[in-house]
Protein chains: 2
Amino acid sequence: MLKLSTKGQYGVRAMFEIASGYGRGPITIREISEKQDVSVAYLEQILNKLRKSGMIQSVKGPGGGYVLSREPDRISIGEILRELEGPVAITSCLDPKEGCLRVEGCVTHLLWKSLGEKIEGFLDAMTLDDLLKGNQVIEIKKKEKNRQPGKNRAALTFVR
Amino acid sequence: MLKLSTKGQYGVRAMFEIASGYGRGPITIREISEKQDVSVAYLEQILNKLRKSGMIQSVKGPGGGYVLSREPDRISIGEILRELEGPVAITSCLDPKEGCLRVEGCVTHLLWKSLGEKIEGFLDAMTLDDLLKGNQVIEIKKKEKNRQPGKNRAALTFVR
DNA sequence: ATAATAGCCTAGTAATTCTGTCAAGTATTA
DNA sequence: TAATACTTGACAGAATTACTAGGCTATTAT
Ligand code: FES
Ligand code: FES
């Protein structure tokens, strides 16, 4: 459940490659394709969307390719994914384009909403720079054993 | 992005209705259907899966319906969703049934993995009892203004 | 100039998943 | 034995996903 489409996944990996060349000239689609095992044609589609959003720029002609428009620590994973897959919307009720008829009285609306906000917070806090530095692993303060539903209320608190 | 299927959503809402009758006899599919606006036929499919997993039991014949097999505070939302939609697997690489060929060297594997673990932690900590009591809203300690990628490292810490 | 390089853009499509419906059961109780 | 209620499997239309194909445009080195 809660799968990300390949477009989002490939997009992040492509952005990683472009970021890895930050300050050292453009990266071509072909390079990305080879390093990340994604077809050139598919990458074109993906990078096109990302370019239109302004987070990368293209350089045409020989020696061309793609470069980041901003520093790697100012491009978040959340931003990339939102561009490629739309906003986080656990349910269609939370999708700005759809909306919900029976919000009031709905017993789960707030549940999905707060989960979505947490996910978005996570994705927005993680940047390309983190990936470059290998900071994918997030610190978990206490490792819990024998997790029991309802017994660990603290897990519901998200600290900022 | 990251949508939950209707099966999962309806499943949780159906379980809420069954939980609301806990200790007061069975709830029929028809009742759930009316209160939650889901067709009887579709609910049958959903409840069947949940029954096979053991978290609810059915009572046949007149006056029958469904009852919880455990107290509402011992059935988590995560458990319900896992039964209906399979394990949390942001990417197919994280899906136990699929697996990944290029885990080592993959720059995003751990990212998706840790996100998945956080989501699962959230869902496993939330129970039917919380829904019954209206505890869907999760405390967020500090509300952040002008969120900037990379500037709020603390957001990456999940406290237990 | 012009050829080579590299990105740009639009369609289309096969496969899969989602979101249900339908119909013919079986079990239980008043 | 009639009424209630769950059980099961098949199936179909709609939507989405995950691509591929093919032609076009811009830039630069020679
Ligand atoms: S039905 Fe839309 S919020 Fe629950
Ligand atoms: S490709 Fe499977 S983990 Fe990244």
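**Exercise 1. Which element gives the most to the surface near DNA strand C?** Work through the surroundings of this strand in the predicted model.

*Solution.* Start with the residues: 26 of them surround DNA strand C, and A:R51, A:S58, A:Y66, B:S39 and B:Q45 come nearest. Of the strand's atoms within 4 Å of the protein, 70% belong to sugar and phosphate.

Next, pick out some polar contacts. A phosphate oxygen of DNA strand C lies 3.0 Å from a backbone N or O atom of A:I29, and another contact places a polar side-chain atom of B:Y10 3.2 Å from a phosphate oxygen. At A:G61, a backbone N or O atom is 3.3 Å from a sugar or linking oxygen of the strand.

Now turn to the elements. Two or more residues each come from α3, β1 (56-59) and β2 (65-68) of chain A, and from α1 and α3 of chain B. The answer is α3(A), which supplies five residues. To finish, sort the surface by class: eight residues are nonpolar, 13 polar and five charged.

**Exercise 2. Find a base contact and two phosphate contacts on DNA strand D.**

*Solution.* Begin with the 27 residues around DNA strand D, where A:S39, A:Q45, B:E44, B:R51 and B:Y66 are the closest. For the base, go to A:Q45: an N or O atom of its side chain sits 2.6 Å from a base oxygen. For the phosphates, go to chain B, where polar side-chain atoms of B:N48 and B:R51 lie 3.0 Å and 2.8 Å from a phosphate oxygen, respectively.

Then place these in the wider surface. The elements giving two or more residues are α1 (6-20) and α3 (40-52) of chain A, with α3 (40-53), β1 (56-59) and β2 (65-68) of chain B. With five residues, α3(B) has the largest share. Sugar or phosphate makes up 72% of the strand's atoms within 4 Å of the protein.

**Exercise 3. Describe how α1(B) packs against α3(B).**

*Solution.* First take the geometry: the two axes come within 10 Å and cross at roughly 75°, so α1(B) is roughly perpendicular to α3(B). Then list the partners. Those from α1(B) include B:Y10, B:A14 and B:I18, and those from α3(B) include B:L43, B:I46 and B:L50. Last, count by class: nine nonpolar, three polar and one charged.

**Exercise 4. Where in chain A does pLDDT stay under 50?**

*Solution.* Take the chain as a whole: mean pLDDT is 85, and 85% of residues reach 70 or more. The stretch asked for is residues 139-160. Low pLDDT means that predicted coordinates should not be read in detail.

Conventions. Residues numbered from 1 in each chain as written. Chains lettered and ligands numbered in written order. Predicted model: local features only at pLDDT ≥ 70, side-chain atom pairs only at ≥ 80, totals over all residues. Heavy atoms only, no water. Near = heavy atom within 4 Å. Polar contact = N/O pair within 3.5 Å; in protein donor to acceptor, adjacent residues only side chain to side chain. Helix = DSSP H or I, 4+ residues; strand = E, 2+ residues; numbered from the N terminus. Axes fitted to C-alpha atoms, helices over the stretch in contact; angles between N-to-C directions. Parallel < 35°, antiparallel > 145°, perpendicular 65-115°, else oblique. Contact = heavy atoms within 4.5 Å. Nonpolar A, V, L, I, M, F, W, Y, C, P; charged D, E, K, R; others polar. pLDDT = per-residue confidence, 0-100.
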